[in-house]
Amino acid sequence: KELLDKIATADAISFDLFDTLIMRRVFCYADVFDLVDDQLRKQGIEIDDFSNKRLQAEKELSKNSSPILEEIYTSIVGEDELSKVVAEIEYEIDNKTLCVRRDMVDIFQCIIASGKPVYITTDTYYNRKRTTDILDRFNITGYSDVLVSCEYNIGKRQGLFKELKDLVCKSCD
């Protein structure tokens, strides 16, 4: 009730995607990297200390920008086809761990039904196409727009919310 009261006073609403509308069925999102490592090893691809390298690469690259998944893997394995292959494996495995957070999606749909503009603003290394594919897969529709950090090359803390505010203000004109 308190959340819905606050929503009623807002001009527009923004939801995060990961851990808000959907979540991963793993204890920690980094557990996905262990699953990726297992799959890589099954395919004969061994990257020493894979999970830690993956975490560190994302952390390092995220200091100054919001990288796409392929950039993260390029920093680990170099600029070749292998970075694309590993990125695709991670995307496929990650997708298998995703599930909808029904209560949050119900609130999301209630707000959309009220006619209020709803945006999805998310820090992710998945491009807009992959992000909207995930939304479509879980039938999360009706939003006004999706702001994906790696498409703007900035995270929420670095200015993505300012981009959202500018977008909302433009639509109010």
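Biologist: Within how many Å do the axes of helix 2 and helix 3 come, and at roughly what angle do they cross?

Modeller: Happy to start there, with a word on the model beforehand. This is a predicted model, in which local features need pLDDT of at least 70 and side-chain atom pairs count only at pLDDT 80 or more, while totals for chains, interfaces and linings use all residues. Residues are numbered from 1 along each chain as its sequence is written, and side-chain values use heavy atoms, with hydrogens and water left out.

Now the general idea: two packed helices are described by the angle between their axes and the distance between the axes. Axes here are lines fitted to C-alpha atoms, for helices over the stretch in contact, and angles run from 0 to 180 degrees between N-to-C directions. Helices (H or I, at least four residues) and strands (E, at least two) are DSSP runs, numbered from the N terminus. In this case, helix 2 and helix 3 (residues 50-61) have axes that come within 9 Å and cross at roughly 125°.

Biologist: Which word describes how helix 2 and helix 3 lie to each other?

Modeller: Angles under 35 degrees count as roughly parallel, over 145 as roughly antiparallel, 65 to 115 as roughly perpendicular and the rest as oblique. Helix 2 and helix 3 are therefore oblique to each other. Their crossing is right-handed; a crossing gets that name if the near helix is turned clockwise from the far one by less than a right angle, and is left-handed if anticlockwise.

Biologist: Which residues of helix 2 and helix 3 meet?

Modeller: Contact means heavy atoms within 4.5 Å. From helix 2 come Phe-33, Asp-34, Val-36, Asp-37 and Leu-40, and they meet Phe-50, Ser-51, Arg-54, Leu-55 and Glu-58 of helix 3. Sorted by class, the residues of this contact of helix 2 with helix 3 are five nonpolar, one polar and four charged. For the classes, Ala, Val, Leu, Ile, Met, Phe, Trp, Tyr, Cys and Pro count as nonpolar, Asp, Glu, Lys and Arg as charged, and the others, Gly among them, as polar.

Biologist: How do helix 4 and helix 5 cross?

Modeller: The axes of helix 4 (residues 69-77) and helix 5 come within 8 Å, with a crossing angle of roughly 130°. That makes helix 4 and helix 5 oblique to each other, and their crossing is right-handed. On the helix 4 side, Leu-69, Glu-70, Tyr-73, Thr-74 and Val-77 meet Leu-82, Ser-83, Val-86, Ala-87, Glu-90 and Tyr-91 of helix 5. The contact of helix 4 with helix 5 has seven nonpolar, two polar and two charged residues.

Biologist: And at roughly what angle do helix 5 and helix 7 cross?

Modeller: The axes of helix 5 and helix 7 (residues 128-137) cross at roughly 20° and come within 12 Å. Helix 5 and helix 7 are therefore roughly parallel to each other, with a right-handed crossing. Helix 5 brings Ala-87, Glu-88, Tyr-91 and Asn-95 to the contact, and helix 7 brings Arg-130, Asp-133, Ile-134 and Arg-137. By class, the contact of helix 5 with helix 7 divides into three nonpolar, one polar and four charged residues.

Biologist: Let's turn to charges. How many salt bridges does the count come to?

Modeller: Side chains of opposite charge can pair when their charged atoms come close. The rule used here asks for a side-chain nitrogen of Lys or Arg within 4 Å of a carboxyl oxygen of Asp or Glu. By this rule the count comes to 15 salt bridges.

Biologist: Which parts of the chain does the salt bridge of Asp-94 and Arg-24 tie together?

Modeller: The closest N and O atoms of Asp-94 and Arg-24 are 2.6 Å apart. Asp-94 lies in helix 5 (residues 81-97) and Arg-24 in strand 2, so the pair ties together parts that are 70 residues apart in sequence.

Biologist: Are Asp-94 and Arg-24 buried or exposed?

Modeller: Buried means under 20% relative accessible area, exposed over 50%, and partly exposed in between (1.4 Å probe, protein chains only). Asp-94 is buried at 1%, and Arg-24 is buried at 12%.

Biologist: How far apart are the N and O atoms of the salt bridge between Asp-16 and Lys-156?

Modeller: That salt bridge between Asp-16 and Lys-156 spans 3.1 Å, N to O. The pair links distant parts of the chain, 140 residues apart: Asp-16 is in the loop between strand 1 (13-15) and strand 2 (22-24), and Lys-156 in the loop between helix 8 (149-152) and helix 9 (160-172). Asp-16 is partly exposed at 21% relative accessibility, whereas Lys-156 is buried at 17%.
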